[in-house]
Amino acid sequence: MTLPDFYRDDLRRLEQASRRRTLAPRSGRDFSSNDYLGLARSEQLREAAIAALRRGVDLGSGGSRLLRGNTAEHETLEAEAARFFGSEAALFIATGFAANSLLFATLPQPDDLILYDALVHASAHEGMRLSRAPGESFAHNDANAAEDAIRRWRRAGGTGTPWIAIETLYSMDGDRAPIVDFAALAERMDAMLLVDEAHAVGVHGPEGRGLAAALRGRENVVVLATCGKALGCEGALILLPANLRDFIVNRGRSFIFSTAPSPLIAAIVRESLAIIEQADDRRARLQALVVRASRAVAPLGIAPSGSQVQPVPIGDDARAMEIAAALQARGFDVRGIRPPTVPDGTARLRVSITLNTDDQAIDELATALGELL
């Protein structure tokens, strides 16, 4: 058969709008990864992998967790993660995207309402597409707007549970949520709080437990902690009350029908947790680099984000990609971010500060930006 024209035509439209994506090998100095603490290539994690293999840990799980895929490595990781993060229970999922989608698709029920920050991750939107509960966005970081939406829903006859979805540190803007305000709102309105800590775990909070560490263990809080960013590994941990964990095991279709994550990866994540618990020195070095970057870009009229994610606003899609390509040609691995990842008209460079760089590279990047902007 001949493929329909739709695919070729759609790619052409993306190309014309400067939105066609391509895969490229990594090269240049790292200003784009989420390996914030520089653990992905660390000797500690290499040695943890070797030690796990030597003691006979399998590479593959061989089945779903409900069949033969459930191993001691999975269960030990989940027990240690629950202890480390202070939650009643934990569930290990193969990727952060899959974990977030699973949460939204499974936990909210038909009579409930999902209220989500306008800038939550695509994985949350994917889960909401599969959810039986209706969803409504509220203005970014605006707890008052979320409260107004709950009150309107109640007046209109809403009887279920509101689920408020936020991120603690937003991946494309680098700003933080007013967590205390949202926690108070959830208590006041008998709501559940879904908290995505993907870009905060390992970097922020006491012993790297995240910006929402003080909320862990509450019955109305569910937290997502990904392992593929500051932890230098892959997968995600859902931190939640034990009865909700049991509900997902019984009702979460993507959990029930997916092959379990690699036991070897589970063993490595355990080591990652042990490392970040003792990584105040790494966090201090990273914060020093963040301060350096903030001071370097401020003279260019770029508002410092105050976090390890520093956006450089451009606006036009094509120009954002042109500047990114020029930086890459100079040896800086900086990527352009375009819609639909970010709202229309807000294309940008996303500069990621990690321990894979240093002061000199940051200063040289700022100089290059000044010449190109």
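Colleague: What makes the approach of the R348 side chain to the backbone oxygen of T346 count as a polar contact?

Modeller: This is a predicted model, and in it the side chain of R348 reaches that oxygen of T346 at 3.1 Å. The cut-off for a pair of N or O atoms is 3.5 Å, so the distance of 3.1 Å qualifies.

Colleague: Which other backbone oxygen lies by a polar atom of the R348 side chain, and at what distance?

Modeller: The backbone oxygen of M172, at 2.8 Å. That value is also within 3.5 Å, so the pair is a polar contact as well.

Colleague: Why is R348 called buried?

Modeller: Its relative accessible area is 7%. Buried means under 20%, so R348 meets the term. Leaving aside neighbours within four places in sequence, R348 is in contact with a list of residues that includes M172, D173, P311, R335 and P343. Contact here means heavy atoms within 4.5 Å.

Colleague: Where does R348 sit, and what makes that strand largely enclosed?

Modeller: R348 is found in strand β12, residues 347–352. Of the 6 residues of β12, 6 are buried, so the rest of the structure largely encloses the strand. A347, L349 and V351 point one way from β12, while R348, R350 and S352 point the other way, and all are buried.

Colleague: How do you know that β12 pairs with β9 and with β11?

Modeller: Pairing takes at least two bridges between the strands. β9 and β12 have 6 bridges, in the antiparallel sense, so they pair. β11 and β12 have 3, also antiparallel, so they pair too. Among the bridge partners, G315 goes with A347 of β12, and I337 goes with R348. G336 stands opposite L349 in β12.

Colleague: What is the strand order in this sheet, and why do β9 and β11 count as its edges?

Modeller: The sheet is open, with 3 strands in the order β9-β12-β11 and antiparallel pairing. β9 (309–315) and β11 (335–337) each have a single partner strand, so one side of each has no neighbour in the sheet. On average, neighbouring strands are turned by 30° against each other, direction ignored.

Colleague: Which helix lies across these strands, and at what angle to β12?

Modeller: Helix α12, residues 317–329, lies across β9, β11 and β12 and runs at about 30° to β12. One of the residues in contact with R348 is A320.

Terms used
Residues are numbered from 1 along each chain as its sequence is written. This is a predicted model: local features need pLDDT of at least 70, side-chain atom pairs count only at pLDDT 80 or more; totals for chains, interfaces and linings use all residues. Side-chain values use heavy atoms; hydrogens and water are left out. Helices (H or I, at least four residues) and strands (E, at least two) are DSSP runs, numbered from the N terminus. Buried means under 20% relative accessible area, exposed over 50%, partly exposed in between (1.4 Å probe, protein chains only). A polar contact is a pair of N or O atoms within 3.5 Å; within protein, one must be able to donate a hydrogen and the other to accept it, and residues adjacent in sequence count only if both atoms are side-chain atoms. Axes are lines fitted to C-alpha atoms, for helices over the stretch in contact, and angles run from 0 to 180 degrees between N-to-C directions.
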